[in-house]
Amino acid sequence: MSDYDEEEEVGEEREEDVDVIGEYEGQRNEKCQRHGIGRALLPNGDYYEGRYNQGLRHGLGLYIFKNGARYNGRYSKGKKDGIGIFIYPDGTKYEGEWKDDDRHGYGIYYYANGDFYEGQWRKGIKEGLGCYFFKETGAKYLGLWKDGKMSGQGQQVTSNYRFYGNWVENLPYGNGCFSFSESKVIQHGFYLNIMGPDIDIPPAGFGEEEEVETVHPVWRPREITPFSASQLPTEPKPLEYPSDVSRSPSPEPTPPPTAEVCVKDFFKDIAQYDKYHQDEKLLWQTDKWDTEILEEIKKKAEKKPVHLSEEEDLMNEGYVTEQGIIEHE
């Protein structure tokens, strides 16, 4: 249940880009800084295409590492910040919020073995309210996390039962209760964490099995009562982040360059970044979902037939495109 080691990311440049650092083609400002839309091949073999602001990656962009990892999402002042997707070489993937190059806020992490975690992150580690699904057993943990471990109030859910209790260092501990899917009863009791032997199997030909002392959770039942929702613990609540680590606002659009623009076919390929940037900004401002916007457009269309001139007006306002796609208001 450990995250992929991100040491490979240290190859990503952090300082202002200059002509002698890698190869670059794209827009620049009057100071000859990388500014606007462009792409760069770095000396370490990494590749970036997307938006720049005064020499730093800023806005939407795609960064491909030489080891096969890639990040597609939002940057701010040269760091991953906002919504983005990071795919690692071993197949693991993170989709969610970033801040200062760390997973921070809400996101989903898919592991190579089929497990996944969905919930809150803080400075690169699991912290807050989250759900971890274990593919091998089909069980899941829904509850609080601290320093990347199950810690605090939570629930363990399987096909046969649900346990309500508290966790310490990834293990259940203290008072709790079980509810069972096939019976309307609750079993009350408590967990003890007891040090006991565990078998560590060495590679073949390296001697006998060795017993290792590890901590095991042991359940001590006390009583059984008829099922009643009032006897169950309260649901765990999400972590409320302080204001200094709140969700990052969308970066402002990059000002147009004053220097000569190098026009290549490349800009046609990534013109979508301009569109996505504006769409996402409008979505954050209006806080409307696609279905709500669709209903608004349908209501307007029912009131009055849309003629060619009115359709052009709608296109100018961003409601529809030439392909008939409805955009965010």
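## Salt bridges, starting with D101 and K80

In this predicted model, D101 pairs up with K80 in a salt bridge, and the closest N and O atoms sit 3.3 Å apart. D101 is in the loop between β7 (93-99) and β8, while K80 belongs to strand β6 (residues 79-87), so the pair ties together parts that are 21 residues apart in sequence. Are these two residues buried or exposed? Both D101 and K80 are buried.

How many salt bridges are there in total? The count comes to six. Another one links R39 with E25, and here the closest N and O atoms are 2.7 Å apart. R39 comes from strand β2 (residues 34-41) and E25 from strand β1 (residues 23-28), so this pair ties together parts that are 14 residues apart in sequence. The two partners fall into separate burial classes: E25 has a relative accessible area of 18% and is buried because the cut-off is under 20%, whereas R39, with 30%, is partly exposed.

E95 and K93 also meet through their side chains in a salt bridge, at 3.0 Å from N to O. E95 is partly exposed, its relative accessible area being 27%, and K93 is partly exposed too, with 26%. Then there's a network of salt bridges that links R122, E127 and K146. As a general point, side chains of opposite charge can pair when their charged atoms come close.

## Strand β9 and its two partners

Why does strand β9 (residues 116-122) count as largely enclosed by the rest of the structure? Because five of its seven residues are buried.

On one side of the story is strand β8 (residues 102-110), which pairs with β9 in the antiparallel sense over six bridges. Within that pairing, G107 stands opposite G119 of β9. The β8 and β9 hairpin has five residues between the strands, and G114 takes a positive phi near 100° there.

Next comes strand β10 (residues 125-133), which runs antiparallel to β9 and is joined to β9 by six bridges. If you want a pair to look for, E118 has C131 in β10 as its bridge partner. The hairpin that β9 and β10 form has two residues between the strands, and K123 in the turn has a positive phi of about 55°.

## Strand β12, flanked by β11 and β13

Strand β11 (residues 140-146) and β12 run antiparallel, with six bridges joining them. Here G143 stands opposite G154 in β12. What does D147 do in the hairpin of β11 and β12? With two residues between the strands, D147 takes a positive phi near 55°.

β12 also goes antiparallel with strand β13 (residues 161-168), again through six bridges. V157 is set opposite R162 of β13, and the hairpin joining β12 to β13 goes through three residues.

## M150 up close

M150 is part of strand β12 (residues 149-157). Its relative accessibility is 8%, so M150 counts as buried. Which residues is M150 in contact with, once you leave aside its neighbours within four places in sequence? They are Y141, L144, W145, W167, V168, E169 and N170.

V168 is worth a second look: M150 and V168 are 18 residues apart in sequence, yet their C-alpha atoms are 6.7 Å apart in space. Both residues fit the strand picture above, with M150 in β12 and V168 within the range of β13 (residues 161-168).

## T225 and its polar contacts

Where does T225 sit? You'll find T225 in strand β17 (residues 210-226). T225 has 14% relative accessibility, so it counts as buried.

The T225 side chain makes a polar contact with the side chain of H188, at 2.9 Å. The side chain of T225 also makes a polar contact with that of Q231, at 3.0 Å. Leaving aside neighbours within four places in sequence, the residues that T225 contacts are V185, I186, H188 and Q231. H188 and Q231 therefore turn up twice for this buried threonine, as polar partners and as members of the contact list.

Key:
Residues numbered from 1 in each chain as written. Predicted model: local features only at pLDDT ≥ 70, side-chain atom pairs only at ≥ 80, totals over all residues. Heavy atoms only, no water. Buried < 20%, exposed > 50% of the residue type's maximum accessible area, 1.4 Å probe, protein only. Helix = DSSP H or I, 4+ residues; strand = E, 2+ residues; numbered from the N terminus. Pairing = 2+ DSSP bridges. Polar contact = N/O pair within 3.5 Å; in protein donor to acceptor, adjacent residues only side chain to side chain. Contact = heavy atoms within 4.5 Å. Salt bridge = Lys/Arg side-chain N within 4 Å of Asp/Glu carboxyl O.
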